[in-house]
Amino acid sequence: QLRARALIYTQYGEPIDVLKVHSYELPQVGTNQLLLQHLAAPINPSDINQVQGVYPSKPPLTTDLGTDEPAAVGGNEGVFQVLEVGSGVEGYSKGDWVIPADVNYGTWRTHSVADSSKMLKLPKEKLSLNQAATIAVNPCSAYQMLNYYESLKPGDWFIQNAGNSQVGRAAIQIGKKMGLNSISIVRNRDNLQELVDELTELGATHVITEEQNESREFGATIKSWTKGSPIKLGLNAVGGSNCTALARKLANDATLLTYGGMSMKPVIIPTGLLIFKNLNVKGFWVTANIKRIPNSRQDSINEVIKLMDTGAIVDTPNSDNFFELKDSDESLLKTFQTALTNSKKGKQIVLF
Ligand code: NDP
């Protein structure tokens, strides 16, 4: 019988402190089930918040995996390969790539057995491993934010902060494909020009720094770019003064979607923008949309697959952290700890 190893936590806290490896025998594959080998899983900011216990959606702690104390497995996203197909399952073959149909699956493990109805099949010939492992959250969030809230037409403008995040990069590329103009705000850095060139190459119309975003004088430059066209949508993953300055650039009746709070500072919208510009200030949560907008997960995944297949969304930069199945539990823990530590410096993927 195959053994699986999982990164579990029995109490909430900093992932580096509370995650440990649990090894357990996998159950027999039932009639409607699939045996899955996990291939790759990212470390997303929300995965970390979940282990910290501060994320509103989290898996329950249970003893289902035979742990002494109730535990949950970390990770929400990842791509798995089908190793065995239950006798009653149709539409799946050995070697297929699948991803969890819902959140809180616990992707940070080597293998699992799941009902086939809990999985979505991906066309593996159309995607890289990295794209498959990270398709459900970041590019789908960008797709939904650009398509579900404002009806944007070619030539329209949007503005976003965290322009170099995985969501931001996807928004730039999807926006370009939709014929939109974009302004992306990034944090200043020594090699700023390199980043500006990189995002421009992806399709960003303009890339500006936080300082430029917050400078009154720079407003004139932005007006010279948009030439009176309204900026209809703002995407905010940062908060604080960055978001306030972003909101000031939006047109009357525009929508500001907040989907992250990387600066840990609150969103402050000046009273005048609400009264005189009638800004529509909303939150965005891709997880809530699974229920709120029927089929949103499958529909946006389908659209994103098309964009990846045609090269409109290219592979985003990330760091690979390799773990070999023959390696020790200690090495598995070390691989995740390194990935977690480095996750502030760019997207980390663990490959099994
Ligand atoms: P990445 O790890 O790819 O990027 C993180 C981004 O945040 C980088 O642009 C980074 O800039 C920026 N950043 C970090 N700290 C700060 C700070 N103090 N001030 C300003 N910018 C900062 O992230 P993801 O693309 O995976 O996620 C981005 C955000 O979106 C996260 O908050 C995540 O939780 C959220 N998210 C929300 C979803 C939802 O449904 N609500 C869905 C998907 C993501 P730098 O390069 O300068 O460090």
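In the predicted model, the buried residues of helix α8 are covered by elements that include the strands β9 (157-160), β10 (181-186), β11 (206-209) and β12 (231-236), together with helix α7 (210-214). Helix α8 itself spans residues 218-226, and its buried residues are F218, I222 and T226. These residues lie on the same side of α8, because they cover an arc of only 80° around the axis. Such an arrangement accords with the general geometry of an α-helix, in which there are 3.6 residues a turn, so that residues three or four places apart point the same way. On the face of α8 turned away from the buried side, the exposed residues A220 and K223 are found. The helix is followed by K227, for which phi is positive, near 50°.

One of the strands covering the buried side of α8 is β11, and within this strand lies I208. I208 is buried, its relative accessible area being 1%. When neighbours within four places in sequence are left aside, the contacts of I208 comprise I183, S184, I185, V186, N213, F218, I222 and W225; among these partners, F218 and I222 belong to the buried residues of α8. I208 is also separated from V196 by 12 residues in sequence, with a C-alpha to C-alpha distance of 8.1 Å.

The largest nonpolar core comprises 41 residues, and those with the most contacts inside this core are L122, I135, L146, L235 and I301. At least three residues of the core are drawn from domain 1 (3-134 + 318-351), and at least three from domain 2 (138-289). In soluble globular proteins, nonpolar side chains tend to be buried together. For I135, the contacts beyond neighbours within four places in sequence are with E77, I99, L122, L127, C140, I301, V304, I305 and M308, and this list includes L122 and I301, which are likewise among the residues with the most contacts inside the core.

C140, a contact partner of I135, is buried with a relative accessible area of 1%, and C243 is also buried, at 0% relative accessibility. The structure holds zero disulfides. C140 is further in contact with S300, whose other partners, neighbours within four places in sequence being left aside, are Y143, Q144 and Y148. S300 is located in helix α12, which covers residues 296-309, and is buried with a relative accessible area of 0%. The side chain of this buried serine, S300, forms a polar contact of 3.0 Å with the side chain of Q144.

Notes
Residues are numbered from 1 along each chain as its sequence is written. This is a predicted model: local features need pLDDT of at least 70, side-chain atom pairs count only at pLDDT 80 or more; totals for chains, interfaces and linings use all residues. Side-chain values use heavy atoms; hydrogens and water are left out. Buried means under 20% relative accessible area, exposed over 50%, partly exposed in between (1.4 Å probe, protein chains only). Helices (H or I, at least four residues) and strands (E, at least two) are DSSP runs, numbered from the N terminus. The arc is that of the directions from the helix axis to the C-beta atoms. Contact means heavy atoms within 4.5 Å. A nonpolar core is a set of buried Ala, Val, Leu, Ile, Met, Phe, Trp, Tyr and Cys residues joined through side-chain atoms within 4.5 Å. Domain bounds come from an automatic or database domain assignment. A disulfide is a pair of cysteine sulfur atoms within 2.5 Å. A polar contact is a pair of N or O atoms within 3.5 Å; within protein, one must be able to donate a hydrogen and the other to accept it, and residues adjacent in sequence count only if both atoms are side-chain atoms.
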